[in-house]
Amino acid sequence: MYANVAYMEPERVTLGSDIRRLRMLSGTSLRKFALGVGVSAPHLSDIELDRRRPSKALLKRIALELRPVGGTHKSLERLDARFESDLQEWVLQNPEVRLMLRRVKESGRPVGEVLRKVELMLRRD
């Protein structure tokens with residue numbers, strides 16, 4: 001039986017999957033790349049499989065190594081779903097933030113549209 005391509009979900013691009021894609025595009029083995037960025041091969045493997053997140057410093061080293069094949073710190077950082085520490089603290093202190101994000105997600109509206117409306121509302125105050 002063949003899969004119906006029309007109904008297949010596109011694979012979601014993650015930080016780890018993009019690092020792996022770019023590393024493979026560069027033709028560099030996992031071990032050699034890990035050595036180049038200063039981590040063990042298992043550590044890098046965990047990052048590529050999205051089981052761990054690289055530190056900010058490691059992400060910069062990874063981006064530098066991937067620059068020849070089009071990797072940039074900015075493009076990789078966009079895929080890092082972690083909140084900065086000040087935002088993490090804010091979420092912990094204000095449970096409504098999680099609810100706000102949930103409501104925006106469930107609304108189905110484009111995030112950019114919601115952001116523009118929030119910015120307009122904040123300017124009025």
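Arg-23 comes out buried, with a relative accessibility of just 7%. Its salt-bridge partner is Glu-48, and the closest N and O atoms of the two sit 2.6 Å apart. The pair ties together distant parts of the chain, with Arg-23 in helix α1 and Glu-48 in helix α3 (residues 41-48), 25 residues apart. Keep in mind that this is a predicted model. A search of the whole structure turns up eight salt bridges, and here are some of them.

**The Arg-23 partner**
- Glu-48 has 6% relative accessibility, and because the cut-off for buried is under 20%, Glu-48 counts as buried.

**Within helix α1**
- Asp-18 and Arg-21 make a salt bridge too, with 2.8 Å between their closest N and O atoms.
- Both residues belong to helix α1 (residues 15-26), and they are three residues apart, or about one turn of the helix.
- Asp-18 is on the buried side of the cut-off, at 10% relative accessibility.
- Arg-21, at 46% relative accessibility, is classed as partly exposed.

**Arg-53 and Asp-50**
- Here the salt bridge has its closest N and O atoms 3.4 Å apart, with Arg-53 and Asp-50 as the partners.
- Arg-53 has a relative accessible area of 32%, so it goes down as partly exposed.
- Asp-50 is partly exposed as well, at 30% relative accessibility.

**A shared network**
- Lys-56, Asp-80 and Arg-82 are joined into one network by salt bridges that share partners.

Definitions and conventions: Residues are numbered from 1 along each chain as its sequence is written. This is a predicted model: local features need pLDDT of at least 70, side-chain atom pairs count only at pLDDT 80 or more; totals for chains, interfaces and linings use all residues. Side-chain values use heavy atoms; hydrogens and water are left out. A salt bridge is a side-chain nitrogen of Lys or Arg within 4 Å of a carboxyl oxygen of Asp or Glu. Helices (H or I, at least four residues) and strands (E, at least two) are DSSP runs, numbered from the N terminus. Buried means under 20% relative accessible area, exposed over 50%, partly exposed in between (1.4 Å probe, protein chains only).
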